[in-house]
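Thanks for sending this one over. Here are my notes, point by point, to read with the structure open beside you.

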Amino acid sequence: MAVGTLLLRLVVGGIFVGHGLQKLTGAFDGPGIEGTTGMMDSLDMKPARGNAYAAALSETLGGAGIALGAATPFAATAVTAAMATAVHKVHVKNGPWNAKGGYEFNAVLVAAALAVTADGPGRLSLDALFGRRRWGAGWAVFSLVAGVAASAAAIAAGRRAAEAERAVAPLAPAHPVGSDDAATGSQA
């Protein structure tokens with residue numbers, strides 16, 4: 001089964017690395033960090049730039065960890081947190097099916113990462129080089145709970161920061177001083 005686990009790790013981990021690099025560097029026609037920052041801003045994930053880096057690095061480094069079978073439970077935690085946030089902020093309202101923008105793809109990726117954690121990355125992994133071919137179900141549960149908790153904390157912090165930002169934003173006058181409308185009193 002070592003080859004099957006290796007194949008699963010390489011495909012799932014590789015998808016995460018690619019997805020993260022889209023956000024981080026713009027690779028594979030991705031938005032890059034600026035586009036990801038804009039997306040985070042629109043989702044009320046404040047501070048947007050910090051959350052953009054957090055998502056991009058969680059996917060990139062977590063995916064690399066899964067692909068290499070390195071610190072597998074922590075890699076699974078990172079990608080679970082990123083996917084839980086994506087599901088909550090973007091996909092859950094669309095239902096389960098990917099064809100309608102749902103969360104099925106996210107769920108499959110998380111399930112695969114957790115399965116590799118539970119059954120172990122196998123003998124063809126960096127974890128095995130350090131004597132850890134198998135982590136067990138307890139570590140998979142840890143990865144799931146920690147990933148979902150990290151996502152919930154990031155979403156809550158982003159929401160609070162966005163609300164605070166809106167509360168202190170000055171109200172713009174209907175006709176800014178110096179505009180032609182303000183001087184003439186006309187309305188567009």
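1. Let me begin with the pocket, bearing in mind that this is a predicted model. The largest pocket has a volume of about 560 Å³. Its lining counts 29 residues, and those nearest the centre are K23, A55, E59, A82 and A86.

2. Which helices build that lining? At least two residues each come from α1 (2-25), α2 (32-42), α3 (48-68), α4 (72-91), α5 (104-119) and α7 (137-168). The largest share belongs to α4, with nine residues. By character, the lining of the largest pocket splits into 17 nonpolar, nine polar and three charged residues.

3. On the overall fold, the protein has eight helices and zero strands, so the order of elements from the N terminus is simply α-α-α-α-α-α-α-α. Of the 188 residues in the protein, 36% are buried. Taking contacts between residues at least 6 apart in sequence, 57% join residues at least 24 apart.

4. A word on confidence. Mean pLDDT for the protein is 92, with 89% of residues at 70 or more. The stretch to treat separately is residues 181-188, where pLDDT stays under 50. For that stretch the model has seven contacts beyond four places in sequence.

5. Now α1, helix by helix from here. It has 24 residues, and from first C-alpha to last α1 reaches 33 Å, close to the 34 Å expected at 1.5 Å a residue. Its buried residues are A2, T5, R9, V12, G13, F16, G18, G20 and K23. You will recognise K23 from the pocket, where it is among the residues nearest the centre. The buried residues of α1 pack against α2, α3, α4 and α5. After the helix comes G26, with a positive phi near 85 degrees.

6. Next, α3. This helix has 21 residues and reaches 30 Å from its first C-alpha to its last, close to the 30 Å expected at 1.5 Å a residue. Buried here are A48, N51, A52, A55, A56, E59, T60, G62, G63, G65, I66 and A67. Both A55 and E59 also belong to the group nearest the centre of the largest pocket. The cover over the buried residues of α3 includes α1, α2, α4, α5 and α7. Just after α3, G69 has a positive phi of about 65 degrees.

7. As for α4, the buried set is T72, P73, A75, A76, T77, V79, T80, A81, A82, M83, T85 and H91. These buried residues pack against α1, α3, α5, α6 (126-129) and α7. A82 appears again among the residues nearest the centre of the largest pocket.

8. What does A78 of α4 touch? Setting aside neighbours within four places in sequence, A78 is in contact with S58 and G62. A78 and G65 are 13 residues apart in sequence, with 9.5 Å between their C-alpha atoms.

9. Please look at the loop between α2 and α3. P47 sits in this loop, and the peptide bond from K46 to P47 is cis, with omega near -10 degrees. D44 lies in the loop between α2 and α3 as well. Phi of D44 is positive, near 60 degrees, in a residue other than glycine. Is D44 buried, exposed or partly exposed? Its relative accessible area is 23%, so D44 is partly exposed.

10. The loop between α1 and α2 holds F28, another point to check by eye. F28 is not a glycine, yet its phi is positive, about 55 degrees. F28 counts as exposed because its relative accessibility is 57%. Most residues other than glycine have a negative phi, and most peptide bonds are trans, which is the reason for drawing your eye to these spots.

11. Finally, the loop between α4 and α5, where N94 is found. N94 counts as partly exposed because its relative accessibility is 31%. Leaving aside neighbours within four places in sequence, N94 is in contact with K100, G101 and G102.

Key:
Residues are numbered from 1 along each chain as its sequence is written. This is a predicted model: local features need pLDDT of at least 70, side-chain atom pairs count only at pLDDT 80 or more; totals for chains, interfaces and linings use all residues. Side-chain values use heavy atoms; hydrogens and water are left out. On a 1 Å grid over the protein atoms alone, a cavity is a set of points where a 1.4 Å probe fits but cannot get out, and a pocket is an open set with protein on both sides within 12 Å along at least five of seven lines; lining residues have an atom within 4 Å of a point. Grid points are joined across faces, edges and corners, and a volume is the space filled by probe spheres set on the points. Helices (H or I, at least four residues) and strands (E, at least two) are DSSP runs, numbered from the N terminus. Ala, Val, Leu, Ile, Met, Phe, Trp, Tyr, Cys and Pro count as nonpolar, Asp, Glu, Lys and Arg as charged, and the others, Gly among them, as polar. The expected span of a helix is 1.5 Å times one less than its number of residues. Buried means under 20% relative accessible area, exposed over 50%, partly exposed in between (1.4 Å probe, protein chains only). Contact means heavy atoms within 4.5 Å. pLDDT is the predictor's confidence in each residue, from 0 to 100.
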